[in-house]
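Colleague: I am new to reading protein models. Can we walk through one together, feature by feature?

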Amino acid sequence: LESLRRAKAAGVRLVMFTSDNFNKYPDAPRLLQSMIDERIDLPFLIQCDTQLRRQPELVELLGRAGCWQVFLGVESLDRQTLRDANKHQNRPEDYQEIVDLLHAQRIVVHFSNIVGFPADTEEGIDRHVEAIARMGCDAASFFLLTPIPGTALYDDFLASGMIWERNLDRFDTVSLTW
């Protein structure tokens, strides 16, 4: 709270909480309520995982505290692709519910997507883009599947001869590496 008070006093007009999973912090509701009570009135954005759909009380607090955008790592709309990527918590059938929940609080919905999974096709990616547009998603970011050195995915891709990039600076989610 003190950081937010000082930021506001210094003229900061927007804050981003950079944790990947703001909704997983047990103290998040208390922070948001304190922001409301103290009238911090500093717009902010957060990153959450898709389990946010199970937290309507938190979403309501987010809206009241001044959250203007939620960045969600939805990754893919293909359930099998998500399972293969060990993203079992992501359930595409729930994405519309998340959009509706956030929009009810006038919060912008930003879906983060990964393209280039081994089973992806051009047609499948086109369907993915069309589907998120139909859901009313306000913003979308697209990143390339990047097997990060030190992960099991990287080890699997390297063992199968799929990694061709050796410059580690290129493993940035926007450059082809495999």
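Colleague: Where is the place of T177?

Modeller: Keep in mind that this is a predicted model. T177 sits in the segment after α7.

Colleague: Is T177 buried or exposed?

Modeller: Look at the relative accessible area. Buried means under 20%. T177 has 1%, so T177 is buried.

Colleague: Which residues is T177 in contact with, leaving aside its neighbours within four places in sequence?

Modeller: Contacts include T146 and P147. M162, I163, W164 and E165 are also in contact with T177, as are R170 and F171.

Colleague: Now the pockets. What volume has the largest pocket?

Modeller: The volume of the largest pocket is about 480 Å³. Its lining has 24 residues, and D20, E75, K87, S112 and I114 are the closest to the centre. The elements that give two or more residues to this lining are β2 (44-48), β3 (67-75), β4 (108-115) and β5 (139-144).

Colleague: How do the residues of that lining of the largest pocket divide by class?

Modeller: Eleven are polar, nine nonpolar and four charged.

Colleague: Which residues lie nearest the centre of the second largest pocket?

Modeller: They are D84, A85, N86, F117 and L153, from a lining of 15 residues. Two elements appear here with two or more residues each: α4 (79-84) and α7 (152-159). The volume of this second largest pocket is about 320 Å³.

Colleague: Which element gives the most to the lining of the second largest pocket?

Modeller: That is α7, with four residues. By class, this lining has nine nonpolar, two polar and four charged residues.

Terms used:
Residues numbered from 1 in each chain as written. Predicted model: local features only at pLDDT ≥ 70, side-chain atom pairs only at ≥ 80, totals over all residues. Heavy atoms only, no water. 1 Å grid on protein atoms, 1.4 Å probe; cavity = no way out; pocket = protein on both sides within 12 Å on 5 of 7 lines; lining within 4 Å. Points joined across faces, edges and corners; volume = space filled by probe spheres on them. Nonpolar A, V, L, I, M, F, W, Y, C, P; charged D, E, K, R; others polar. Buried < 20%, exposed > 50% of the residue type's maximum accessible area, 1.4 Å probe, protein only. Contact = heavy atoms within 4.5 Å.
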